[in-house]
Amino acid sequence: MARAVLGGGCFWCLEALFQRVPGVLEVEPGYAGGSEPDPTYEQVCSGLTGHAEVVRVEFDPAHLSYEAVLERFWKAHDPTTPNRQGADIGTQYRSIILTA
């Protein structure tokens with residue numbers, strides 16, 4: 001199993017996208033990249049915690065490559081619009097790829 005942690009706007013939108021991809025085993029939305037250990041929605045929306053909305057995508061690399069996961073990620077959002085995806089505006093909607 002392999003993992004990617006990606007943020008590109010609303011995590012529910014990315015969750016829905018990756019749940020339909022063959023080779024993806026699990027998708028979990030959450031917050032990452034900030035200073036608070038367990039932030040609330042309100043704290044994240046304030047823009048003060050530094051968190052982004054992300055999804056953790058667990059996938060089988062025998063059926064889906066990391067490169068293919070990233071290709072879908074880049075097609076699913078516009079990384080050139082800082083802190084915004086469509087009607088969602090705020091630092092939590094930025095484009096982000098987290099690595100271990």
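Author: Helices here are DSSP runs of H or I with at least four residues, and strands are runs of E with at least two, numbered from the N terminus. By that count, N83 is found in the loop between helix 3 and strand 4 (84-85). The model is a predicted one.

Reader: Why does N83 count as partly exposed?

Author: Its relative accessibility is 29%. Buried means under 20%, and exposed means over 50%. The value for N83 falls in between, so N83 counts as partly exposed.

Reader: What is phi of N83 near?

Author: Phi of N83 is near 60°. That is a positive value, in a residue other than glycine.

Reader: How do you know what class of exposure C45 belongs to?

Author: C45 has 32% relative accessibility. Set against the limits of 20% and 50%, that makes C45 partly exposed. C45 is found in helix 2, residues 41-46. From C45 to Q92 is 6.9 Å, C-alpha to C-alpha, although they are 47 residues apart in sequence.

Reader: Now the sheet. What makes two strands a pair?

Author: DSSP must find at least two bridges between them. Strand 2 and strand 3 (residues 52-59) are joined by eight bridges and run antiparallel. Eight bridges meet the limit of at least two, so strand 2 and strand 3 pair. In this pairing, G30 stands opposite V54, and V24 stands opposite F59.

Reader: How many bridges join strand 1 to strand 3?

Author: Five, and these strands run antiparallel too. Five is also at least two, so strand 1 and strand 3 pair. A4 has V57 in strand 3 as its bridge partner.

Reader: What is the strand order of the open sheet?

Author: The order of the four strands is 2-3-1-6, and the pairing is antiparallel. Strand 2 (24-32) and strand 6 (95-98) are the edge strands, since each pairs on one side only. Neighbouring strands are turned by 20° against each other on average, direction ignored.

Reader: What packs on the sheet?

Author: Helix 1 (residues 11-19) does, touching strand 1 (2-8), strand 2 and strand 3. Its direction makes about 170° with that of strand 2. Helix 3 (residues 66-76) packs on the sheet as well, touching strand 1, strand 3 and strand 6. The direction of helix 3 makes about 15° with that of strand 1.

Reader: Why are helix 1 and helix 3 called oblique?

Author: Their axes cross at roughly 135°. Roughly perpendicular covers 65 to 115 degrees, and roughly antiparallel starts over 145. The crossing angle fits neither range, nor is it under 35 degrees, so helix 1 and helix 3 are oblique to each other. The axes come within 11 Å. The crossing is right-handed.

Reader: Which residues make the contact?

Author: Helix 1 gives L14, L17 and F18; helix 3 gives V69, R72, F73 and A76. By class, six are nonpolar, none is polar and one is charged. Arg counts as charged, so R72 is the charged one.

Reader: What makes strand 3 mostly covered?

Author: Eight of its eight residues are buried, and buried means under 20% relative accessible area. Both faces are covered. A52, V54, R56 and E58 lie on one side, with E53, V55, V57 and F59 on the other.

Reader: And what is the class of Y31?

Author: Y31, in strand 2, has a relative accessible area of 26%. That lies between 20% and 50%, so Y31 is partly exposed. Beyond four places in sequence, Y31 touches residues including F11, P39, Y41 and V54. Y31 and V54 are 5.7 Å apart, C-alpha to C-alpha.

Methods
Residues are numbered from 1 along each chain as its sequence is written. This is a predicted model: local features need pLDDT of at least 70, side-chain atom pairs count only at pLDDT 80 or more; totals for chains, interfaces and linings use all residues. Side-chain values use heavy atoms; hydrogens and water are left out. Axes are lines fitted to C-alpha atoms, for helices over the stretch in contact, and angles run from 0 to 180 degrees between N-to-C directions. Contact means heavy atoms within 4.5 Å. A crossing is left-handed if the near helix is turned anticlockwise from the far one by less than a right angle, and right-handed if clockwise. Buried means under 20% relative accessible area, exposed over 50%, partly exposed in between (1.4 Å probe, protein chains only).
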